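Trainee: I am new to this structure. Please show it to me, and then let us go through how the chains meet.

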2 protein chains.
Amino acid sequence: MSVGHTGVTTPAATTPVVSCAEECGVRDVQDRLGDKWTVHVVVELAAGVRRFRELQRLVPGISQRMLTLTLRRLERDGLVTRTGYPTVPAQVEYELTGSGHSMTHLIKALVDWSLDHRGAIAEARAAYDARGRGGGA
Amino acid sequence: MSVGHTGVTTPAATTPVVSCAEECGVRDVQDRLGDKWTVHVVVELAAGVRRFRELQRLVPGISQRMLTLTLRRLERDGLVTRTGYPTVPAQVEYELTGSGHSMTHLIKALVDWSLDHRGAIAEARAAYDARGRGGGA
DNA sequence: CCGAATCCGGAAAGATACTG
DNA sequence: CAGTATCTTTCCGGATTCGG
């Protein structure tokens, strides 16, 4: 990693270069992974095909809007497929694609690490929080 | 957050249970990992001890404020240590802790996956984007 | 039943000036 | 050099409503 080049000292000056060759795609994944709902949805979808309402029921506090947005983003990135059946009470099924499934591994890694360090983080936080106004009144 | 108060018709049912036992700590990690700057900073810190200015120089477009916030959050979570020397031109060093270093593995996994799927995602996006207004002209 | 569009409030990012 | 205080702006997320 270590992208290195700050690029600030470019003679052209004031060039707001944002082009970091090797992490262009990383940002996207970060966005998905950092998203509050995406992870939940992917996890639910990992179990199999799900319908819209079903997902909304499965994911605790998600709103209809957020579910739609989340699914659309995932679909756009080719992580899930959307199959709509033109039945009378419209019915749409969502399913993870190959990429989507491989992403679950990443999510697992995230969850594993989190579970592994959750205690330490909680402690560190408590300590930090207490330290803040430790001596003073 | 505040899932509960839709205010109006709350017909006893549809209890907005938010208690997800196995992902309490995950959210925190997600926040850090999903953060635009945190990852960059951690990567730079992975190489060794760094000073404030140094980090700012190393990370392309970050502002003092964002760097400060990012570092403070990391410090709070026990991922980095802050060591300040009371010299005349104040001097502070930041260093990754054990947890911090272990987090780099997670970041690496993230980067690896991203790099591996970046192409597919780009394609999927292009396709999706084109499909949107495909037929017409 | 699915989901698109709209309105709105609050939180976080961002830039800058200023202080120790 | 390091960090805070202040202001601005941007974006996320929820509620609502209309259409297929």
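Trainee: How many residue pairs are in polar contact between chain A and chain B?

Mentor: This is a predicted model, where local features need pLDDT of at least 70, side-chain atom pairs count only at pLDDT 80 or more, and totals for chains, interfaces and linings use all residues. Residues are numbered from 1 along each chain as its sequence is written, chains are lettered from A and ligands numbered from 1 in the order in which they are written, and side-chain values use heavy atoms, with hydrogens and water left out. A polar contact is a pair of N or O atoms within 3.5 Å; within protein, one must be able to donate a hydrogen and the other to accept it, and residues adjacent in sequence count only if both atoms are side-chain atoms. Between chain A and chain B, with both residues at pLDDT 80 or more, the count is twelve residue pairs.

Trainee: Which residue forms a salt bridge with A:D28?

Mentor: A salt bridge is a side-chain nitrogen of Lys or Arg within 4 Å of a carboxyl oxygen of Asp or Glu. The rule finds four across the interface of chain A and chain B. For A:D28, the closest N and O atoms are 3.6 Å apart, and the partner is B:R125.

Trainee: How are the two copies related?

Mentor: Superpose them by least squares on the C-alpha atoms of residues with pLDDT of at least 70 in both. A turn of 180 degrees and a shift of 0.0 Å along the axis lay chain A on chain B with an RMSD of 0.1 Å. The two copies are therefore related as by a two-fold rotation axis.

Trainee: Which residue of chain A comes closest to the rotation axis?

Mentor: Go by the C-alpha. At 1.8 Å from the axis, the residue is A:G34.
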